[in-house]
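Here's a look at how some chains meet and at a few residues worth finding on your screen. Open the structure and follow along.

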Number of protein chains: 4
Amino acid sequence: MKRVAVIGASGYTGRELGRLLRGHPSLRVEGLFGGREGVAPDAPELPVDDVLERLDWSRIARCDGVFLCTPHATSAELAVRALDAGTKVVDLSADFRLIDPEQYRVVYQHTHPAPELLKEAVYGLTEHARGAVAKARLVANPGCYPTSILLALRPLIDAQLVDMNAPLVCDAKSGVSGAGKNPSGRTHFGASHENFLAYGVGTHRHAPEIRLHAGTERIVFVPHLLPVFRGILSTIYVPPAAGVNARNVAACLSERYRDERFVRVYERGMPELNRVQMTNECHIGVADCGPFVVVVSAIDNLLKGASGQALQNMNLMLGLDESAGLS
Amino acid sequence: MKRVAVIGASGYTGRELGRLLRGHPSLRVEGLFGGREGVAPDAPELPVDDVLERLDWSRIARCDGVFLCTPHATSAELAVRALDAGTKVVDLSADFRLIDPEQYRVVYQHTHPAPELLKEAVYGLTEHARGAVAKARLVANPGCYPTSILLALRPLIDAQLVDMNAPLVCDAKSGVSGAGKNPSGRTHFGASHENFLAYGVGTHRHAPEIRLHAGTERIVFVPHLLPVFRGILSTIYVPPAAGVNARNVAACLSERYRDERFVRVYERGMPELNRVQMTNECHIGVADCGPFVVVVSAIDNLLKGASGQALQNMNLMLGLDESAGLS
Amino acid sequence: MKRVAVIGASGYTGRELGRLLRGHPSLRVEGLFGGREGVAPDAPELPVDDVLERLDWSRIARCDGVFLCTPHATSAELAVRALDAGTKVVDLSADFRLIDPEQYRVVYQHTHPAPELLKEAVYGLTEHARGAVAKARLVANPGCYPTSILLALRPLIDAQLVDMNAPLVCDAKSGVSGAGKNPSGRTHFGASHENFLAYGVGTHRHAPEIRLHAGTERIVFVPHLLPVFRGILSTIYVPPAAGVNARNVAACLSERYRDERFVRVYERGMPELNRVQMTNECHIGVADCGPFVVVVSAIDNLLKGASGQALQNMNLMLGLDESAGLS
Amino acid sequence: MKRVAVIGASGYTGRELGRLLRGHPSLRVEGLFGGREGVAPDAPELPVDDVLERLDWSRIARCDGVFLCTPHATSAELAVRALDAGTKVVDLSADFRLIDPEQYRVVYQHTHPAPELLKEAVYGLTEHARGAVAKARLVANPGCYPTSILLALRPLIDAQLVDMNAPLVCDAKSGVSGAGKNPSGRTHFGASHENFLAYGVGTHRHAPEIRLHAGTERIVFVPHLLPVFRGILSTIYVPPAAGVNARNVAACLSERYRDERFVRVYERGMPELNRVQMTNECHIGVADCGPFVVVVSAIDNLLKGASGQALQNMNLMLGLDESAGLS
């Protein structure tokens with residue numbers, strides 16, 4: 001049994017990790033460290049048994065791996081210390097997703113606390129970085145929106161099926177859990193239930209992350225807030241390279257993900273959020289629509305978009321079966 | 001045109017009043033006074049045009065009537081001052097709903113700021129206090145749960161159809177707007193959506209209010225939180241007096257409310273929240289169920305349970321058609 | 001008092017019209033004619049008092065105007081007969097929205113029952129066809145998605161702010177009421193609640209309607225199903241003409257709609273569904289986003305997207321104040 | 001590996017069993033037999049991989065156990081044949097929950113197809129019938145409402161903490177999945193979302209079942225429909241025997257369920273639906289409330305209230321660990 005800990009375990013992603021780890025066959029939880037508060041049972045499907053503890057570095061030192069579910073800036077500082085203590089780290093914050101410290105400073109309005117680690121960190125889009133993740137000390141777990149979009153786009157870009165001179169619209173919709181557990185006017189039931197809206201148009205922090213890891217500046221990203229708790233569905237308008245249509249795109253994706261356990265490409269029909277909620281899966285559907293090939297991608301933002309993919313990565317880093325604790 | 005103002009206009013009930021008053025044929029809004037913040041458009045069906053202003057007593061002095069949508073304790077202080085300024089007052093807080101200042105102190109854990117007004121204040125369950133309301137300077141607007149329960153119970157108690165020696169269970173369910181606009185762990189989408197719970201069992205502050213105005217200590221009241229925004233539905237298990245059944249109960253209620261515009265007694269079937277949402281109506285259904293006559297009562301908690309009834313009362317106090325602005 | 005009737009009054013749009021007409025100051029309802037069933041109170045905010053009657057042409061003949069809330073193909077047949085009877089007609093179906101009977105046959109898979117009326121019918125996007133509507137005998141009420149999109153796009157195309165050589169992505173999201181009142185696997189609570197999906201990608205019947213009335217074939221339209229009851233929000237990625245940005249686009253829209261009662265252009269921020277639900281308004285927000293100007297448009301699909309706009313049109317056709325019964 | 005099959009696998013309970021069985025360590029699924037249709041992915045968290053097959057009795061004959069998820073009357077006929085084929089049977093319908101065929105005829109308006117089996121069948125409220133279930137050929141799986149109520153009540157009645165001369169109000173609230181997968185006016189999103197209602201007052205078929213297995217005719221039962229997909233929460237007003245209060249009741253329940261894996265009695269606070277959704281657990285909270293001890297019980301209606309408890313029972317009947325496949 002390998003030992004792991006979660007730091008910042010009081011939020012949605014930390015608590016989701018607590019739930020996953022309790023059912024994991026070969027990981028032992030050294031501790032769920034976190035905020036001052038106990039775990040209030042204020043969200044569906046979250047455990048009520050986990051007891052949060054005060055962060056104890058002597059216990060972190062005993063761990064083989066640590067999950068950081070802390071806010072950006074805090075995460076980078078904790079990562080330095082955890083790596084010094086000899087554990088491997090999967091960071092669920094945005095601290096190691098970009099490469100250029102100057103871009104980080106502009107996007108997150110904060111000087112990066114550990115710029116020397118930016119190059120070492122591996123961007124853990126698991127299906128596209130498996131080898132590097134397995135060898136990494138530090139993995140930057142991708143953002144939820146980027147995961148849903150990059151899993152759909154990366155194979156198409158790699159296979160040169162995309163017209164890279166045309167803009168690529170990613171219209172993405174997320175459940176309220178993406179906004180985190182802290183109460184706010186925006187997450188109040190009265191403001192989200194029976195409502196829908198676009199937000200962060202032109203300014204959302206996930207846009208630079210998507211562009212960087214898609215390898216093109218031509219990504220146009222608009223996020224929306226859905227009145228559901230879990231899930232992200234992204235509608236991606238792919239400008240195809242000459243002669244490419246939905247059939248080619250679907251074939252490319254099917255081929256690329258044929259042996260993947262957590263990515264499913266539909267032969268027909270389109271994914272829906274309720275087919276991926278509470279799973280670590282990404283479902284992808286494809287259709288022609290005018291000059292575009294429309295690709296629709298759905299994930300559970302708290303699992304494949306956060307804690308599930310984080311566990312996939314940690315499993316690899318610790319030499320375990322990648323899907324352990326995830327099915 | 002009479003002039004009115006709302007003090008505490010930033011919360012749900014204040015904003016609901018703002019919406020109603022904008023459509024009122026014979027009331028002019030002197031001002032919507034309120035919190036420090038502007039009106040954030042964070043709830044369905046609320047106006048986005050109202051501008052909140054800082055409380056200005058010289059303008060209150062110009063008003064014929066004032067609505068207090070302020071928290072208890074604050075309301076009593078404002079009521080004193082508004083009455084001194086010569087306006088009539090409908091207070092939507094709990095400050096004048098009880099009669100005994102000592103009971104108020106125990107229930108609200110606060111010494112009543114204006115005990116001398118407790119006897120003057122009229123409990124504004126409109127259909128049962130029309131004459132007194134019309135003459136009142138100060139009306140205590142009933143609580144949302146009490147309104148839904150008392151409208152169903154009062155005629156039955158008055159007509160002696162109830163066995164007053166047996167306990168009377170009121171199992172009530174309210175939408176999230178009843179918890180107010182302030183963000184909290186409880187009103188977070190993640191904690192209320194797709195959830196349901198009982199709360200305040202044996203301790204809710206509306207229980208003494210219901211008992212006082214029903215005239216019996218045998219009321220047993222348990223509130224629940226529904227994953228809807230608006231509405232209260234109360235299921236009331238009436239122990240009938242000897243020889244009384246659902247038919248008698250329905251006949252009594254139909255007779256009592258025959259000429260009422262805002263109370264509807266069903267001949268058959270049961271009310272549902274969606275028939276009363278966005279209306280000032282109370283719908284009541286009746287059925288035999290074992291030893292009880294079950295009476296189900298539904299209202300919109302923000303209208304008949306708060307701002308709608310408040311406007312009904314103010315209309316009466318200012319000599320207007322009781323239903324003006326409410327249909 | 002002018003007289004109007006609704007044919008097909010049992011569905012959502014028919015019942016919404018019934019509700020609006022009850023509050024109309026200068027229209028008298030001759031009859032709500034409709035399905036075999038009575039009006040089941042199975043949706044929020046719908047009236048429970050309307051009684052549906054069997055269609056009676058002698059009473060239609062007495063009417064000044066008739067609303068057709070019937071399915072396509074049926075509507076065209078009823079329209080012929082109603083016009084013959086001398087009444088004016090607003091048809092809420094798709095029967096008169098296209099101009100070419102052959103295109104109609106392809107899209108709706110039905111030979112048009114009254115092709116001679118296709119040219120006479122006025123496409124009732126009220127703010128853009130006011131004069132023609134006022135003189136029309138027959139108005140084709142626009143579809144819900146087209147209304148939300150065309151209100152945002154038409155002024156920009158007219159003012160040549162759009163690059164007409166680039167594709168124009170319209171990513172639209174509708175509440176469940178858009179699917180109608182008939183129970184189906186898709187409208188089952190278990191299939192729509194806490195879910196989200198794209199549908200009709202590349203095949204939805206509103207796409208040709210939008211293209212026709214936008215005057216460009218380059219519209220790309222993907223509809224989605226939201227877990228809310230009412231509302232459509234469309235996110236439109238406008239490829240701007242050279243030198244045009246969000247500021248120009250917002251200024252154009254503000255100018256165009258300055259005097260309109262039912263269209264509001266935001267100076268800042270973005271519309272949300274809950275600001276337009278239960279209103280006849282369209283709210284529009286604008287922002288730069290990479291190479292595009294993103295325009296977000298929100299309406300209540302049952303009001304501005306159907307019955308509200310239908311009443312706006314009928315008011316005009318009967319010489320009444322356009323906003324009567326709608327505020 | 002024992003073999004099991006599900007007959008009637010297309011409904012919610014059948015599909016939930018399919019999901020559970022796929023993760024079961026020591027049961028092999030011989031077949032999921034069912035309706036004519038395939039498994040439409042129309043509900044959250046349901047599997048999309050199960051393929052329904054046409055019922056094949058030769059394959060049933062190979063099974064050690066069969067789950068019947070068929071409607072009442074059909075179930076009894078299938079049970080006879082399955083038992084003849086030598087398999088054990090857990091019936092999720094109501095066919096074997098009552099004992100008296102005459103009462104069955106009255107309640108279900110159908111002559112019982114296999115009255116000779118009524119006495120043999122064991123009522124599978126697992127925690128209260130473990131020994132009998134383990135030896136049974138035929139188990140009647142309890143109804144969802146009865147499970148939530150009887151788990152709370154039975155220990156109190158057994159321990160004589162209840163005043164058996166007073167009526168005992170059970171105010172119960174269920175999610176929409178309790179109404180089944182078939183589309184209807186009642187299960188339409190527009191009729192259940194943002195709504196709440198009481199139904200079957202005085203007439204619901206679960207009332208006789210609860211009375212029979214509670215051993216008292218004084219149960220008063222009113223069910224309600226919640227706008228959530230999963231879960232039942234029952235608020236039970238227990239008239240205590242002389243000298244009994246919440247403390248005694250909580251102690252009794254805690255003691256009774258101390259070693260139970262699937263029942264949790266709260267020391268303080270009250271259960272909420274989101275703590276039991278997607279689990280096979282029953283959570284129980286207790287508080288004094290006037291003359292009553294209020295007991296609140298929450299389960300997932302599709303798991304502990306149906307398929308989860310059915311699997312618990314089948315595990316016992318086949319000599320397996322009772323919780324296999326359920327944690």
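## Where the chains meet

Start with chains C and D: 20 residues of chain D are in contact with 20 residues of chain C. Sort chain D's side of that meeting by class, and you get eight nonpolar, nine polar and three charged residues. Keep in mind that this is a predicted model.

Now turn to chains C and A. Here, 34 residues of chain C touch 34 residues of chain A. Which elements of chain C give two or more residues to this side? They are the strands β7 (168–174), β8 (197–198), β9 (219–225), β10 (232–238), β12 (282–289) and β13 (292–299), along with helix α10 (273–276). By class, chain C's side of this contact has 23 nonpolar, six polar and five charged residues.

How do the two copies relate? Turn chain C by 180 degrees, with a shift of 0.0 Å along the axis, and it can be laid on chain A with an RMSD of 0.0 Å. That's the relation of a two-fold axis. The same surface does the job for both copies, as 100% of the contact residues of chain C recur in chain A.

## A leucine in chain C

Next, find C:L253 in helix α9 (residues 246–256) of chain C. Is C:L253 buried or exposed? It counts as buried because it has 27 C-beta neighbours inside 10 Å, and the cut-off for buried is 20 or more. If you skip the neighbours within four places in sequence, C:L253 is in contact with C:P155, C:V265, C:I284 and C:V286. Take C:V265 from that list: it sits 12 residues away from C:L253 along the chain, yet their C-alpha atoms are separated by 6.6 Å.

## Two positive phi angles in chain A

Most residues other than glycine have a negative phi. Against that background, take a look at two residues of chain A, both with a positive phi though neither is a glycine.

| Residue | Phi | Loop in chain A | Other C-beta atoms within 10 Å |
|---|---|---|---|
| A:Q160 | about 60 degrees | between α6 (144–158) and β7 (168–174) | 11 C-beta atoms |
| A:E194 | near 55 degrees | between α7 (189–192) and β8 (197–198) | 26 C-beta atoms |

So what do the neighbour counts say about A:Q160 and A:E194? A:Q160 is exposed, because it has 11 other C-beta atoms within 10 Å. A:E194 is buried, because it has 26 of them within 10 Å.

Note on methods:
Residues are numbered from 1 along each chain as its sequence is written. Chains are lettered from A and ligands numbered from 1 in the order in which they are written. This is a predicted model: local features need pLDDT of at least 70, side-chain atom pairs count only at pLDDT 80 or more; totals for chains, interfaces and linings use all residues. Copies are superposed by least squares on the C-alpha atoms of residues with pLDDT of at least 70 in both. Two residues are in contact if their C-beta atoms, placed from the backbone, lie within 7 Å. Helices (H or I, at least four residues) and strands (E, at least two) are DSSP runs, numbered from the N terminus. A residue is buried if 20 or more other C-beta atoms lie within 10 Å of its own, exposed if 12 or fewer, and partly exposed in between; C-beta atoms are placed from the backbone. Ala, Val, Leu, Ile, Met, Phe, Trp, Tyr, Cys and Pro count as nonpolar, Asp, Glu, Lys and Arg as charged, and the others, Gly among them, as polar.
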